[in-house]
Amino acid sequence: MAINPVPDHVPPEMVRDFSLFTSPGMPPTPNGDPHAAVACAHDGPPIFYSPYNTQDGRGTWVITRAADQRKVLQDTETFSSHRSIFSSILGETWPTIPLELDPPAHGAFRSLLSPLLSPKRVTALEPAVRERAIALIDRITASATSCDVMKDFAFPFTVSIFLRFLGLPDQGLDTFVGWAKDLLHGDDVERPVAARKIVAFIDELATNRRKDPVDDLMTFIVQAQIEGRRLTDGEIRGIGVLVFVAGLDTVAAAIGFDLAYLARNLKDQELLRSEPARILLATEELLRAYPPIQLIRVATKDIDFEGAPIRKGDYVSCATMIANRDPEEFESPNTVDLARDHNRHAAFGYGPHRCLGSHLARREIVIGLEEWLARIPTFRIKEGTAPITCGGHVFGIENLILDWS
């Protein structure tokens with residue numbers, strides 16, 4: 001993988017040997033804790049330059065303090081969200097929508113899509129979400145006292161909700177999860193192959209919904225209008241790809257990290273099981289401790305930001321997992337305190353581009369934990385097994401074998 005040289009305008013003293021992809025704890029690691037590993041970013045200056053901090057080997061400025069990240073994410077005039085993370089895998093530059101659009105276009109598309117993921121709409125979906133969680137857990141407990149929780153629960157649960165949202169049957173679940181895994185965690189060969197499959201799938205789905213509309217998200221998109229016109233094929237693709245990618249991996253990873261924590265901390269596990277009313281607040285703390293996403297912005301002009309000479313075109317990293325371990329923002333940031341209040345975590349980002357699906361994601365996590373703890377007795381990491389964690393643009397966990405025998 002190519003690594004770009006450090007730009008001439010970056011002072012050598014601001015370069016730090018740090019990467020969300022290659023630093024200690026970031027490659028696949030048995031019994032790893034990548035979130036604790038990145039907390040080391042707070043041992044140095046609040047802003048530094050990492051020569052290698054994206055999937056394609058680009059350098060980024062790394063903003064460590066939560067308050068500084070909020071400044072960057074709020075300032076869409078100076079820091080653009082259009083960085084073509086998905087399309088660049090294909091050598092193209094089109095944006096995912098609305099995430100990679102800047103104002104004012106961003107506002108028009110966000111207003112179009114917001115009602116589909118509003119708190120009211122999520123509340124209406126909740127019975128179906130809970131029903132799906134219960135069905136999966138009951139199927140697990142009917143035949144075993146251990147399971148691979150990512151394969152048997154976290155992915156089937158979250159992806160089936162996403163498929164229902166898109167109006168698709170569950171039969172494609174394993175295929176879609178495989179595409180997402182290759183896209184987010186694959187190598188330079190696997191990622192473009194997965195990206196092409198996802199684009200082809202979205203384009204075909206849009207074509208089918210134009211011919212035979214049904215009551216689902218894609219039909220809504222192909223029939224929607226912005227400023228009195230129908231959406232272009234590129235805009236439909238941009239929305240479809242974003243929804244597809246966002247729904248496949250991040251929430252499952254969050255649930256996996258949460259259950260891994262509870263499997264290793266039995267006192268907290270029993271507290272939530274005996275007092276389920278605490279799960280809502282505890283979920284916010286687990287979102288703080290184990291967020292999966294790095295946010296990237298691109299400077300639109302030269303700016304000296306908190307002492308860093310950021311120049312037009314520079315990439316700026318606002319990693320949620322770093323902001324959420326900021327000692328200036330959180331007391332004892334490396335301690336998971338399930339009763340923590342005033343929890344201003346950055347798991348869903350900040351500013352105009354704050355995660356549009358945050359209400360649904362939060363409810364999926366809460367319901368997943370509620371039903372798991374209600375139906376599974378005291379569980380641990382199965383003896384002789386080791387969960388494998390990894391860093392990257394999206395943090396992940398697999399081979400999480402839980403045992404309650």
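Before placing any loop, I take helices and strands as DSSP runs numbered from the N terminus, with at least four residues for a helix and at least two for a strand. The model I am reading is predicted.

**Entry 1, two cis prolines.** With those runs in hand, I looked up Pro 104 and found it in the loop between S4 and H3. The peptide bond that joins Pro 103 and Pro 104 is cis, with omega at about 5 degrees. I then turned to Pro 98, which lies in the loop between strand S4 (79-80) and helix H3 (105-113), and noted that a cis peptide bond, again with omega of about 5 degrees, joins Ile 97 to Pro 98.

**Entry 2, overall form.** I counted 14 helices and 15 strands in the secondary structure of the chain. I asked myself what radius of gyration a compact globule with 405 residues would have. The expected value is near 22 Å, and the chain has 21 Å, so the two agree. Along the principal axes, the C-alpha atoms fill a box of roughly 60 × 55 × 40 Å. Among contacts with a separation of 6 or more, 70% are between residues 24 or more positions apart.

**Entry 3, surface and charge.** I noted that 56% of the 405 residues count as buried, while the chain exposes about 17100 Å², of which carbon and sulfur atoms supply 53%. For the charged side chains I recorded 42 positive and 54 negative, with the centres of the two sets 3 Å apart.

**Entry 4, the core.** The largest nonpolar core holds 126 residues, and those touching the most other members are Phe 153, Phe 244, Trp 372, Phe 379 and Leu 402. Helix H5 (residues 149-166) gives this core its largest share, 12 residues. I followed Trp 372 further and, leaving aside its neighbours within four places in sequence, found it in contact with residues including Ile 137, Ile 140, Cys 147, Val 149 and Leu 259. Its contacts also include Phe 153, Phe 379, Leu 402 and Trp 404.

**Entry 5, positive phi.** Which residues other than glycine did I note with a positive phi? One of them is Glu 227, with phi near 50 degrees, in the loop between strand S6 (225-226) and strand S7 (229-230). Its relative accessibility is 73%, so Glu 227 counts as exposed, the cut-off being over 50%. Asn 399 has phi near 55 degrees and lies in the loop between strand S14 (396-398) and strand S15 (401-403). Because its relative accessibility is 32%, Asn 399 counts as partly exposed.

Notes. Residues are numbered from 1 along each chain as its sequence is written. This is a predicted model: local features need pLDDT of at least 70, side-chain atom pairs count only at pLDDT 80 or more; totals for chains, interfaces and linings use all residues. Side-chain values use heavy atoms; hydrogens and water are left out. The radius of gyration is taken over C-alpha atoms; the globule rule is 2.2 Å times the number of residues to the power 0.38. Buried means under 20% relative accessible area, exposed over 50%, partly exposed in between (1.4 Å probe, protein chains only). Contact means heavy atoms within 4.5 Å. Accessible areas come from the Shrake-Rupley method with a 1.4 Å probe; for residues, only the protein chains shown count as cover. Lys and Arg count as positive and Asp and Glu as negative; His and the chain ends are not counted. The place of a charge is taken as NZ of Lys, CZ of Arg, CG of Asp or CD of Glu. A nonpolar core is a set of buried Ala, Val, Leu, Ile, Met, Phe, Trp, Tyr and Cys residues joined through side-chain atoms within 4.5 Å.
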